[in-house]
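Hi,

Here is the structure I promised to pass along. Have a look at it first, and then read on for my notes.

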Amino acid sequence: MKKIILKRLRPTAWLKWFLATLLKAVEQAHGTLDQVLAKAKFWQQAATIPMNARQIKVLNRLLDGFAGKLTTSKWAAARLGIDRNTL
């Protein structure tokens, strides 16, 4: 009987997998929270800087991890509110 109880109390492969998966989820949530707090801090510091809606949109994309190409013409369009087709 003692052997059966001890065998059932040992961590199983599933339990190890579950705990590893839980740890990974918690770490990812922590990373997401760090990004959200960094973005909030940025906007608190930039609150006094006048910006138009396009600039705010571009900055939000950059703060969210934008991985595309931000060319000078795209930035000028956002900064000046110019349509890219007219450049």
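Let me start with a question: does Phe42 count as buried, partly exposed or exposed, and at what relative accessibility? The answer is partly exposed, at 28%. The cut-offs explain the call, because buried needs a relative accessible area under 20% and exposed needs one over 50%. Please keep in mind that this is a predicted model, so everything below is computed from it.

First, the overall picture. The protein has four helices and zero strands, so if you walk along from the N terminus you meet α-α-α-α. Of its 87 residues, 7% count as buried. The accessible surface comes to about 7800 Å², and carbon and sulfur atoms account for 63% of that.

Now the aromatics. The count comes to two aromatic pairs. One is Trp14 with Phe18: the ring centres are 5.3 Å apart and the planes sit at 15 degrees, so this pair is stacked. Both residues belong to helix 2, four residues apart, or about one turn of the helix. That spacing fits a general rule: an α-helix has 3.6 residues a turn, so residues three or four places apart point the same way. Trp14 counts as exposed because its relative accessibility is 53%, while Phe18 is partly exposed with a relative accessible area of 36%.

The other pair brings back the residue I opened with. The rings of Phe42 and Trp43 have centres 5.0 Å apart, but their planes are at 75 degrees, so the pair is edge-to-face. Trp43 is partly exposed, with a relative accessible area of 22%, and Phe42, as I said, is partly exposed too, at 28%.

Trp14 and Phe18 turn up again on the surface. Together with Leu15, Trp17, Leu19, Leu22 and Val26 they form a nonpolar patch, and the accessible area of the whole group is about 720 Å². Trp14 itself lies in helix 2, which covers residues 13-45.

Next, charges. In general, side chains of opposite charge can pair when their charged atoms come close. How many salt bridges does the structure hold? There is one, and it joins Asp64 to Lys39, with the closest N and O atoms 2.9 Å apart. This pair links distant parts of the chain, the two residues being 25 apart: Asp64 is in the loop between helix 3 and helix 4 (72-80), whereas Lys39 is in helix 2. The two partners also fall into separate accessibility classes: Asp64 is exposed, with a relative accessible area of 55%, and Lys39 counts as partly exposed, at 21%.

Last, helix 3, residues 53-63. Which of its residues are buried? They are Gln55, Val58 and Leu59. These three cover an arc of only 95 degrees around the axis, which means they sit on the same side of helix 3. Ala53 and Lys57, on the other side, are exposed.

Both ends of helix 3 have something to look at. At the N-terminal end, Asn52 acts as the cap, with a side-chain oxygen 3.0 Å from the backbone nitrogen of Arg54. Just after the helix, Gly65 takes a positive phi of about 95 degrees.

If you only have a minute with the viewer, I'd suggest starting with the stacked Trp14 and Phe18 rings, then going to the salt bridge between Asp64 and Lys39, and finishing at the Asn52 cap on helix 3.

Cheers

Methods: Residues numbered from 1 in each chain as written. Predicted model: local features only at pLDDT ≥ 70, side-chain atom pairs only at ≥ 80, totals over all residues. Heavy atoms only, no water. Patch = residues over 30% accessible without salt bridge, like charges linked within 9 Å, V, L, I, M, F, W, Y side chains within 5 Å. Areas by Shrake-Rupley, 256 points an atom, 1.4 Å probe, with all protein chains shown as cover. Salt bridge = Lys/Arg side-chain N within 4 Å of Asp/Glu carboxyl O. Buried < 20%, exposed > 50% of the residue type's maximum accessible area, 1.4 Å probe, protein only. Arc of directions from axis to C-beta. Polar contact = N/O pair within 3.5 Å; in protein donor to acceptor, adjacent residues only side chain to side chain. Phe/Tyr/Trp six-rings, centres within 6.5 Å; stacked < 30°, edge-to-face > 60°.
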